[in-house]
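The following explanation is meant to be read with the sequence and the coordinates side by side. Please keep both in view while following the paragraphs below.

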Amino acid sequence: MERHTVTHDRFPPKGGRLRGRAVVALLATTLLSACQSVIEQTYQPTVSPSSNPQIVEEVQKNDPRAQLGAREHPRIVASYGGEYKDAKTERLVARITGALTAVSENPQQSYRITILNSPAINAFALPGGYLYVTRGLLALANDASEVAAVLSHEMAHVTANHGIERQQREEAEVIASRVVSEVLSSDIAGKQALARGKLRLAAFSRNQELQADVIGVRMLGEAGYDPYAAARFLDSMAAYSRFTAVDPESDQSLDFLSSHPNAPQRVDLARRHARAFGPEGTSGDRGRDYYLAGIDGLLYGDSPQEGYVRGQTFLHGQLGIRFDVPAGFQIDNKAEAVLATGAGDIAVRFDGVADTGGRSLTDYIASGWVTGLKPDTIRQISVNGLEAATARASADRWDFDVTVIRIDTRIYRFLTAVPKGASALEPTANQLRSTFRRMTAAETQSLKPLRIRVVTVRPGDTITTLSARMMGTDRKLDLFRVINAMQVSSTVKPGDRVKIVSE
C-alpha cells in the first residue's frame, strides 16, 4: 500500500462539506464570502484493497485510464481528511481485495487502495484502479464478507469501465451547463439547474449500479465469501443512516447511500442473485474472527486533527480550545467547520483563520467578509479573558450573530443564524461565547480519541450492560445495536465477540 501523505489542516480554513439544515449552507454562502470551498462530489463511491498493492507510477504505466484517477486522487484524499495509516488495517483490506481480484472479470487489473481517514460510511473507485474505503465503513462492518461485498461492487464499476462512461456524460453536461449559466447567469433557477447537473454526474446510472450489484455478488460467492453479505450490509448502512439523520433534509453527500440507492428491490435483487450459491447460511465464509481482530483499535469518529465532540461539547486538544452548544443541539464536526443545529431552524458554524494582520478585531469584522453587516452593532468584548468582538448581520430571511475571538496568532469565529426576528439569537450566541475558553493542561492530557474495541461477552453481560460501556454518544444502546447489526430482539451469550466504542 503506497504511503503518500496529504496534510489537512483543519484550522484554517474551514469552509466546505456542509451538512445539516439548509440554514447551515447560508452560514457559509451568505457570510463567509471569503472562505468558500465547495467540494464537488463527482466521484462514485467504490472500494477495493489489493493483495498486490501497486504504486501510482506502476498503475499509470499499465493503464492509461489511471491518468483520470491520478488527476482527482489528491482532491479526494484531502476532502476525506487524508489517509488513515495503520498496518494491521491495511493488511486486512489487502487480504479481502486479494481474494476478490483473483475472481474478478479482469484479474490483470491492478488496484491502488487508499483507506481514508474519515468517519463517513463510504467507498468508491476511479478509472484505472484507484479504490477508496473510509475507516467509518470498516468500523460499521461486522465481518470480512461485508467489506468484500462493498469492494466487489466497486471493483465491478472499474472492470466495467463505468467511470469512463460517466466522464463522457460529464463532457456533455459541461456544454449544457455553459448554456444555462450564460442564459441564467444571475437567476436562482440557473444555479439550481447547475446543481442538479452535478448531482446527476455524481452517481452512476441505475443500470450501472444494478450491473455492478450482479457482478459483485458473483465475485463474492466465487471468492468463497458469504454471498448474502451484500444485502446484509446494505441493511446495516441504512440503519446507520437512520441513526445519524438529524433532519430528513440533511445532506449526507459524503456517505455511501447518497450515491448508491438503497431501494428495497435492490436488496431483494442481491439476495436473489446470492441464492445461486445456495440457501442463506449454507455457503461461503463470513470471516468474522479475523475481521474483528483486524479492526480492534480502529480510530472511530473524529480524528485528533479535527477535534472531538463529547455530548454538547466540542474540544480540540491540539488547539487547546473548547466550547458548549445549547442542550438539544446536534454537533456535526467536519474537516472544514464545526456545525451545530437546533430546533427552530437555528444553526451555528465555528471555524478558525490565521491572524496575519494583527489588526483590531472590530476592524476585522468590518473588513468585508460579512455580508449584511450592521456596522453600528460592532463592539469589542472580552470572553473568559480573551480579546473578542461581536456584531449583528441580516440577510434574506435570517438574522446573524458574528463573534470573533483571538488566541495568539489565530482568530476563531462563531456564526449563529436564526429566522429573522427569532428571540433565540442572543441566548444561543451568548452560550457559545461564554463557554469558549482555553483547555487546561489536565483536560488536554486526558482527551483521547475514541476507538473500536472488540470485547468478549462474559456471563451476566447483556446488551444493556455492554452498551453502557460505550463512549462518545448519549444514545449508547442505539449505536451499540447499529454497529453490531443487532435488532431490538437480539441477545448475546457468553463467548460472543462484540464491538463497543471506547477510548
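**A histidine, aromatic rings and an enclosed strand**

A polar atom of the side chain of His 316 lies 3.1 Å from the backbone oxygen of Gln 305. His 316 itself belongs to strand S6, which covers residues 313-316. With a relative accessibility of 2%, His 316 counts as buried, because the cut-off for that class is under 20% relative accessible area.

These coordinates come from a predicted model, and the overall picture is as follows. The protein has 503 residues, of which 55% count as buried. It contains 17 helices and 17 strands. Among contacts between residues at least 6 apart in sequence, 71% join residues at least 24 apart. The aromatic pairs described next give examples of links between distant parts of the chain.

The count of aromatic pairs comes to 13. One of them is formed by Phe 323 and Phe 414, whose rings meet edge-to-face, with 4.9 Å from centre to centre and 85 degrees between the planes. Phe 323 lies in strand S7 (residues 321-324) and Phe 414 in strand S14 (residues 410-419), so this pair ties together parts that are 91 residues apart in sequence. Both partners are enclosed: Phe 323 is buried, with a relative accessible area of 2%, and Phe 414 is buried, with a relative accessible area of 1%.

Another pair consists of Phe 350 and Phe 436. Their ring centres are 6.1 Å apart and their planes stand at 50 degrees, so the pair is classed as tilted. Here too the link spans distant parts of the chain: Phe 350 is in strand S10 (residues 346-354), whereas Phe 436 is in the loop between helix H14 (425-435) and strand S15 (437-438), 86 residues apart. Phe 350 is buried at 0% relative accessibility, and Phe 436 is likewise buried, with a relative accessible area of 0%. How do these rings belong together? Ring pairs link Phe 314, Phe 323, Phe 350, Tyr 412, Phe 414 and Phe 436 into a cluster.

Aromatic rings also meet charged side chains in this model. The charged end of Arg 95 sits over the ring of Tyr 290, at 3.5 Å from its centre. In a second case, Arg 413 lies over the face of Trp 369, at 4.6 Å from the ring centre.

Attention may now turn to strand S1, which spans residues 112-116. Why is strand S1 described as largely enclosed by the rest of the structure? The reason is that 5 of the 5 residues of S1 are buried. Arg 112, Thr 114 and Leu 116 point one way from the strand, while Ile 113 and Ile 115 point the other way, and all are buried. S1 runs parallel to strand S3 (residues 130-134), and 5 bridges join the two. Within S3, Val 133 is the bridge partner of Ile 115.

A final consideration is the confidence of the prediction. The mean pLDDT of the protein is 75, and 72% of the residues reach 70 or more. Over residues 162-203, pLDDT stays under 50, and the model has 48 contacts beyond four places in sequence for this stretch. Residues 246-254 also stay under 50, with 21 contacts beyond four places in sequence. Where pLDDT is low, predicted coordinates should not be read in detail.

Terms used
Residues are numbered from 1 along each chain as its sequence is written. This is a predicted model: local features need pLDDT of at least 70, side-chain atom pairs count only at pLDDT 80 or more; totals for chains, interfaces and linings use all residues. Side-chain values use heavy atoms; hydrogens and water are left out. Rings of Phe, Tyr and Trp (its six-membered ring) pair if their centres lie within 6.5 Å; planes under 30 degrees apart count as stacked, over 60 as edge-to-face and the rest as tilted. Helices (H or I, at least four residues) and strands (E, at least two) are DSSP runs, numbered from the N terminus. Buried means under 20% relative accessible area, exposed over 50%, partly exposed in between (1.4 Å probe, protein chains only). A charge sits over a ring if NZ of Lys or CZ of Arg is within 6 Å of the ring centre and within 35 degrees of the ring normal. Two strands pair if DSSP finds at least two bridges between them. A polar contact is a pair of N or O atoms within 3.5 Å; within protein, one must be able to donate a hydrogen and the other to accept it, and residues adjacent in sequence count only if both atoms are side-chain atoms. pLDDT is the predictor's confidence in each residue, from 0 to 100. Contact means heavy atoms within 4.5 Å.
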